Structure formats: structure tokens, C-alpha cells
Amino acid sequence: MKLPSPDDGALLHRPSPHESGRRHVTGEALYVDDFPLPPGTLVAAVGLSPHAHARIRHRDGAAALSVPGIRAVFFAADVRGDNCIGPIVHDEPLLAEETVNCVGQVVALVAGESSTACRAGIAALQIAYDPLAPRLSIEDAHAASDFIGPYHLINRGDFAEGYRRATHRIEGTLHTPPQEHFYLETQVALAIPLEDGAMHIHSSTQHPTEVQHMVARVLGIGYHRVVCEVNRIGGGFGGKESQATQVAALAALAARATNRPVKLWLDRDTDMAITGKRHPFRADYRAGFDADGHLLALDVVLYADAGWTTDLSPAILDRALFHLDGAYFVPAARFTGRLCRTNLPSNTAFRGFGGPQGMLVIDTILNRAAERLQMDPAEVRRRNAYADAPRNRTPYDQEVRYNRLPRLFDELLPAARYAGRRQAIEAFNAGSTYVKRGIGFQPVKFGISFTKSMLNQAGAYVLVFTDGTVQVNHAGTEMGQGLHTKILAICSAELGVATGAIRIMSTSTEKVPNTSPTAASSGSDLNGQAVQSACTTLRHRLIPIAAAMLGVEETDELTFASGLVSLAADPARSRTFAEVANAAWMARIPLAATGYYATPGIHFDPATGTGEPFYYFAFGGAVAEVEVCSLTGQYRVTRVDILHDAGNSLVPSIDRGQIEGGFIQGLGWLTTEDLRRDPAGRLITRGPSTYKIPSFGDAPTEFFVRLLDRAAQPGVIHGSKAVGEPPFMLAISVITALRHSMRACGDSGSGVELSLPATPESVLRAITRQRS
């Protein structure tokens, strides 16, 4: 498709290039590591624990300080303020105190004139440990009853009665795998000390306010003395929502002590060793179905590996429980969750925030039910999908409004020729000895909002200059997802000026305070509404000025479009936006406005397990086809068809990119990304040579993506919908397709047993079991 120029005027609901796309490919886009360093800048490096669990018997930095170029060495005792940080519970020492609790925990920090000096300084540190027995798995923590926080519980109906009435009962355990974020830009921060004890932080973070707060906490100063600024992030995926904070705080600690700017940048190896991953889950389940494949009752106990501190795990467990229903109505549900403490890096937010782990459980159950009943898994999904009342309420008693699932079934399956292709695949498999094919369908229902209600708010600050140009400040961070492009489109439409006349400023806590993280797929929803609010205020201030200039009444309808303010009834009567702005300044009308938005009506009561934690639901569907070599387990995804509900898309080209990227990242989680640790808890897949994110060769040979039309969402900015996370779960369709192909290899009598991620080795093991 031909994309319009950024100067073509309002781009709302039209395809548009990413606002930084050209700068990305030419290298002009600036990230923290690209900033010209202030004079006298030091670099920093971290000393890490080699043990998963140990007491620190001795630590000495004298030898490190004697290394040429080293200017400072820090241990926990050198922190002036509070050494404990953390987004929910402040239970994570910035620098290890009496014990270390995972391989990769930061024990020491050195600051020096060069990276070479810092590496030598780290090597010269003298630290002695007394190793302790670690807990490295959910099973270890469960056996020791080492949990973080209480049970989380959602309960509806009478599970025991529904299970008793079931014709078919399915029980089992599912292990969902961890996943490394593998953002292109690793964790980095530049801390610049200012006068009067203030600190300016350039951070690659999704949550500038948390960085501001935790830096102030570590330094023992007020929030007002810390500014966190984010120009852009080289990928985040949740990995920089809370875990960018430690890097920024360490840089600030060194900057304050030396009174010199300090940059701390983690190389890939160190980044992967230190940071948490997507939470691995264990799900123990029991499900009851009738003879027609209708789910009657479902009992699931989730155990999440939280790592050694709380981080964001309670909220992630909540969202996993909220999504155990997937796209399906569960008449009787008993969902329980626990957080297991292990001696591993604290696991954290990752695209979907627990939702994928929850959804994978029920879709695994439905696949097993289809195999047991000899039914098409797509038909089992259709029979159990949310529908009209009374099959329209979730287990936590939220109504599923504006349900697009029936349309997805009715439009995607025929468009993808699912039935005909499945029949052709069955015929192919019957005549092919070693190569087998499979097809799978996956519907998605995903709740949109932060499950912590207070985070569903955003602010903006919009400035109009007398030449008609505009600066926009908002609370969201741009990490490649296209948020700034959407904000440009919104502002352009609201003020009627070309996007080339609008500049999106760096996200900064000195411009928009008390920001929520850019996460939960809500960046456009929240910040778009806040920017719209500020623009509406400015437009209302300009209307009397424009009316006077046009010689009409203030009550006459005026339009702001194409850089003009015009009389709606006679568009020829107009003045340029710049002329109106200049006249407003001359009339002493303020040309800067703040905007604010808080999502209405969301609430949840943990005591009862009921409420409306989500403002709305996003929907999507995917059909995937695979071809498998049953001799080696090697396979390829030959075709994917996606129909996704993005509402009335703000910028369709950006949303298509998010859908494609989300699907591929989900594909990586489920098929190629095999995170491994040795028996001592050391990560052994540290880098692209051993940790396999999807490549071009892993992408579907044919990849068709279409946005659902006629799907505007009431109450959301310009009828749009969030699109960052929901497409990730569409990749579950590939697992269903793989199971279909494996069924053609033989019938083990107990159904397909496929462990995840479904690497070729895992697939071959499953095929071998099928043939047995």
C-alpha cells in the first residue's frame, strides 16, 4: 500500500509510516547509548553473584580501587538512602546485603574512566561466599512451602457437581515455558548530577515515574529532585517496566558519589544473566465435558515461578487467572493461584502479562477434549465460545460486551478455507508416510486495562506556538510500537494541523508527572485520551478568536482541518491555524494546556474474586498450517491467516505491524525459545548463538493479516482498540496445528503429549510417543 507523507495532514484511520521509521533505518534515531556524553562521564560495571544462594562471608574493594582508571567501588553499605527497591513491595536490595539469592544478583558496582578499566576492577573484587542449598524450580518451592503472598482465588458455580455430571473427564499438568525479552537495546541508563543535589536520568525504561521514585529512594532525596527522561526505547516487551529501575538507580548512586555523570550499559550476556523472564507456570487441571464437547466444569491450580523477589508477580498471577477462561464460557470454575519463591532472577512483565500462560491452559484442555471426542478442535472451540446471555459472563462475573467472537468464527474460518484445507490435509496425511501436515484455529479474548485500577490514568501537556506548530508531551514511552505515531495522528486530527507541524517530545517526569508505565496494551487508550483532552481545551480557547477573525458568531460551527480554521457552512471563509494561534497570543489567550484521562468503571474485589477489571475486551483469530517431518521433528509454518479486532484502527499500518510482530514473538515462545539453566542455576542460553528467537526463516511462508471492519469500540479514543498484546496468543494456533499433524503419525491411546517449547526435539519425542 502507498503510505502518505507525514506532512499530508490528518492521518487518523489511515495507513502511515512509523514516525521514526526513516531514522531507525538510517541510524539517526537516538537511544541512550547514542547520546553525546557530558564532559567527565564515567562508565560503570556490575559485579554479580556466581551462586544461586549463598551467604556473603567477606567483601573488599581495595584491590579494585587500585586498578588504574577506577574511581569508585560500591557495596550495599555505601548506599546513602534505602538499599531496597521494587515496584510493589520494596524487597529487592539494589546491592546484595548479607546473602545472595540468585546467580546474577548484583553484589558490587564499580565506576571508572573506561569499560576496560571497569572490567579489570570487577575482576579484582575480593568477595567470598558460603554456598547454601538453592531452590531452582516450582516443585522445589512447593515442597518447601516457600510462597510469596496468599492464594489468589476465582470461584463460580459448583465445580464438584459439574465434574460429577461430565461424560468425559480430562486431568493433567501443563508446564508453560519462560521467555527472554531479547529487546535489541539492552538495559542502559545515563545519570547526570545537577546542582543542589538533583539528578537527571536518561533511561531506557517503560516506567519513568518508577525510575524517578526509586532513584530518589536510593539517594535519600525527594522525588522533585529527580527527573527521568526517555527519548525512545529499543524494545521493551515488559522487560523494562520494572527492571530498568535497578540500572538507573545504580548509575545514579555512582553519579552522586563521584559528582560526575555515569553511564551503565549492560552487554547482552550480562543483561540476560541479571534480568527476569516471562514467568514459567505449572498448571494442574481437571476438566469435565459432556458428550457433545461442551465444557461443564474446570478446576485449575496455577503455580508461577516468581524468582526471588515479588517484582510484578502478584498482578501477573491475577491476569493469568483472569485469562484461564480464554475465549470460552466456563459454567463452573475454580481457579487458584500461588507464587513460588525460587533462587532465580525475579521474573517480570512480558507481553501478555500472564494472560498467555492462562490461555494456553484452557486451549490445551480443549485440544485434548477434541482428540478424546474425535472432533475438530475448531468446532469444540465454537461450541464453547462466549455468546449471548447467559453465556456472556466471565468466571469473575464481568459481562463480555461487544463480543466479536461469533464474527471471527463466521468470517475467518470461511475466508481461510479452513474446512476444505483440513479435509485436504487429512487426505494428504493418509498418503504420506513421513511428512505430515496439520491445521489449527485459535480465537482470542483479551482484557484491556491495568488490573491495578490506579494505574489506568494518563496526563498530557500540549503547547501551540505562534507560527502554528505544536509540541506534545504525554506520559507514554515510544519503544518501537508506534505510540508516538498514533499520538501524532490524534493531535493532528484534533487541531487540524499537519503531522509535520507537530513534534512529540521526550517523555519526561518534569513535563508530565506521576505517569503510569507504558504497558498493558493501554498506551494509546490512556495517552491518546489525555492528548485529546488537552487539544480540546486549546481548540475551545481558539474558537472565539477564530470566530472574530472570520466575522461570525462563536456559536457558528467551525472546523479545524488541513491547517485551516474554517466556517463549516462556508469552507472558503477560513484563516490559517498559525494566524489564529498568533492572534490568540496577541489577545493574551494561553496556548498551552494540560489533559488528563482516567479509565472509568473498572474495579475488582480480590476477597470475592469478582468485578470488572477490564474496560473492554480485544478479540482476534488465527488459522495456522504446519508441515512436519516425522523422522526428524523438523517443521515449518506454511501459512497463517489472521483476522484481528483493532476497533476503528487509529493507524492501520502500525496495528498490522503489531499483529505480525506479536504473532511471531508468540511463535518464538511456543516453538524456538528454549531457555536453559544448569543444575547450579546458571543461565546457559546467554545470547543468540544458544537462545533462538524467531528468524525470517521461522515466519510463515504465507502470512495474511486483516483487520476486522465495522468494529468501532464505544468509549475508546476514536473507536480504536489496544493491539499490543492480544495478537501474541494467536500463535497458540500453531500448537494446535502441530498436534493435528502428530495425530496422523499414530495414536498412543492417551492423546498427544507435547512439551513446550515445541522445538524439533520436543516434536520428535511427541511423535515417538504417538507411534508407540
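**Close-up 1. Strands 11 and 14 sit side by side in this predicted model.** Let's start with strand 11 (residues 188-193) and strand 14 (residues 262-265), which run antiparallel and are joined by four bridges. Within this pairing, A191 of strand 11 stands opposite V262 in strand 14. Helix 7 (residues 244-258) packs on the sheet, and its direction makes about 30 degrees with that of strand 11. Helix 7 touches strand 14 as well, along with strands 1, 3, 7, 11 and 12.

**Close-up 2. Eight strands form an open sheet.** Reading across, you meet the strands in the order 3-7-1-14-11-12-13-22, and their pairing is mixed. Strand 3 (70-74) and strand 22 (507-508) are the edges, each pairing on one side only. Helix 3 (residues 115-124) lies across strands 1, 3 and 7, at about 25 degrees to strand 1.

**Close-up 3. Helix 18 packs with helix 19.** Here helix 18 (residues 732-743) and helix 19 (residues 760-771) make an angle of about 35 degrees, and their axes are 9 Å apart. The crossing is right-handed. From helix 18, L738, M742 and R743 meet V763, A766, I767 and Q770 of helix 19. By class, this contact has five nonpolar residues, one polar and one charged.

**Close-up 4. The second largest pocket holds about 1,100 Å³ of space.** Of its 46 lining residues, H175, T176, P177, P178 and L756 are the closest to the centre. Helices 18 and 19 return here, each supplying at least two residues of the lining. Helix 10 (355-373) gives the largest share, five residues. The lining divides into 19 nonpolar, twelve polar and 15 charged residues.

Note on methods. Residues are numbered from 1 along each chain as its sequence is written. This is a predicted model: local features need pLDDT of at least 70, side-chain atom pairs count only at pLDDT 80 or more; totals for chains, interfaces and linings use all residues. Side-chain values use heavy atoms; hydrogens and water are left out. Axes are lines fitted to C-alpha atoms, for helices over the stretch in contact, and angles run from 0 to 180 degrees between N-to-C directions. A crossing is left-handed if the near helix is turned anticlockwise from the far one by less than a right angle, and right-handed if clockwise. Contact means heavy atoms within 4.5 Å. Ala, Val, Leu, Ile, Met, Phe, Trp, Tyr, Cys and Pro count as nonpolar, Asp, Glu, Lys and Arg as charged, and the others, Gly among them, as polar. On a 1 Å grid over the protein atoms alone, a cavity is a set of points where a 1.4 Å probe fits but cannot get out, and a pocket is an open set with protein on both sides within 12 Å along at least five of seven lines; lining residues have an atom within 4 Å of a point. Grid points are joined across faces, edges and corners, and a volume is the space filled by probe spheres set on the points. Two strands pair if DSSP finds at least two bridges between them.
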